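The following exercises are to be worked with the sequence and the three-dimensional structure at hand. Each task is followed by a solution in steps.

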Amino acid sequence: MAAQAKALRRDARDNVAKLRAAALEVFSAKGLGAPLEEIAKVAGVSVGTLYNRFGTREALIDSVVPEIAGGRLRELGEKVAAGASARQRLETFVHGMIDLQHDDPALNDAIMRRFPEATALVETCEVSSALGDDLVSQAHREGSLDPGFTGEDLFCLLWMAGTAHREATAPPGWRRVLMRSLDSAWTGRTTGTGPTAAAALADAP
């Protein structure tokens with residue numbers, strides 16, 4: 001009986017590992033809303049096994065995506081921190097976030113907060129949101145960004161970019177239009193304040 005129980009536990013661990021690997025593969029290709037049945041099929045188990053091991057879509061998301069998202073966001077934070085001025089750092093952040101949304105459908109969903117009950121993932125992404133707010137504040141203090149451009153404006157810009165990435169009928173010039181919106185907010189003054197804005201993201205666990 002003990003040997004049988006041990007074998008069952010090993011099978012359960014193997015199923016969890018296969019489901020996590022399959023979820024990462026499918027989520028990365030199709031986004032966090034991909035059918036759970038497809039993930040189970042890729043893992044070679046039943047969808048019932050998926051629910052038995054994880055319970056909900058959000059729990060499955062939290063088991064695989066935050067680590068990957070956190071790593072990608074930390075890499076961006078390091079690039080942002082290398083900027084010589086607040087303007088350069090904010091521009092690097094905006095372009096980097098838009099590129100992440102384009103390159104990985106799962107990160108697009110994560111950044112867009114499409115699954116707010118995936119709490120571990122939301123906490124990971126909140127670090128980047130805080131960095132964006134900090135970069136806007138630093139650009140204000142530097143004098144390079146119009147005081148009327150707020151952290152909420154930045155979020156709206158990134159939200160529109162994320163939406164356009166996922167919309168097959170989006171006009172091809174959408175990124176150019178968004179960049180013009182950001183360009184119009186610069187004052188033309190840049191003083192350089194040191195690469196400190198991205199510390200929170202670069203050092204996040």
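**Exercise 1. Examine the contact between Arg114 and Asp109, and state how far each residue is covered.**

Step 1. The side chains of Arg114 and Asp109 form a salt bridge, with 2.7 Å from N to O. A salt bridge here is a side-chain nitrogen of Lys or Arg within 4 Å of a carboxyl oxygen of Asp or Glu.

Step 2. The model is a predicted one, in which local features need pLDDT of at least 70, side-chain atom pairs count only at pLDDT 80 or more, and totals for chains, interfaces and linings use all residues. Residues are numbered from 1 along each chain as its sequence is written, and side-chain values use heavy atoms, with hydrogens and water left out.

Step 3. Arg114 has a relative accessible area of 33% and is partly exposed, whereas Asp109, at 3%, counts as buried. Buried means under 20% relative accessible area, exposed means over 50%, and partly exposed lies in between (1.4 Å probe, protein chains only).

Step 4. Arg166 also belongs to the picture: Asp109, Arg114 and Arg166 are linked in a network of salt bridges.

**Exercise 2. Determine which parts of the chain the salt bridge between Asp99 and Arg175 ties together.**

Step 1. The closest N and O atoms of Asp99 and Arg175 are 3.0 Å apart, and the pair forms a salt bridge.

Step 2. Because Asp99 lies in helix H5 and Arg175 in helix H9, the pair ties together parts that are 76 residues apart in sequence. Helices are DSSP runs (H or I, at least four residues), numbered from the N terminus.

Step 3. Asp99 is partly exposed at 33% relative accessible area, and Arg175 is partly exposed at 26%.

Step 4. For a second case, consider Glu91 and Arg87, whose side chains meet in a salt bridge of 3.3 Å, N to O. Both residues lie in helix H5, 4 residues apart, about one turn of the helix. A search of the whole structure finds 6 salt bridges.

**Exercise 3. Check the span of helix H8 and describe where its buried residues lie.**

Step 1. The 16 residues of H8, at 1.5 Å a residue, should span 22 Å, and the end C-alpha atoms are 23 Å apart, which agrees. The expected span is 1.5 Å times one less than the number of residues.

Step 2. The buried residues of H8 are Gly151, Leu154, Leu157, Leu158, Ala161, Gly162 and Ala164. Seen down the helix axis, they fall within an arc of 165°, so they line one face of H8. The arc is that of the directions from the helix axis to the C-beta atoms.

Step 3. These buried residues pack against helices H5 (86–103), H6 (105–111), H7 (119–142) and H9 (174–183).

**Exercise 4. Which residues form a nonpolar patch on the surface with Met160?**

Step 1. Met160 is located in helix H8 (residues 151–166), and its relative accessible area of 41% makes it partly exposed.

Step 2. Phe155 and Trp159 form the patch with Met160, and the three together have about 310 Å² of accessible area. Patch residues have over 30% relative accessible area and no salt bridge; like charges are joined within 9 Å and nonpolar side chains (Val, Leu, Ile, Met, Phe, Trp, Tyr) within 5 Å. Accessible areas come from the Shrake-Rupley method with a 1.4 Å probe, and for residues only the protein chains shown count as cover.

Note on methods
Helices (H or I, at least four residues) and strands (E, at least two) are DSSP runs, numbered from the N terminus. Contact means heavy atoms within 4.5 Å.
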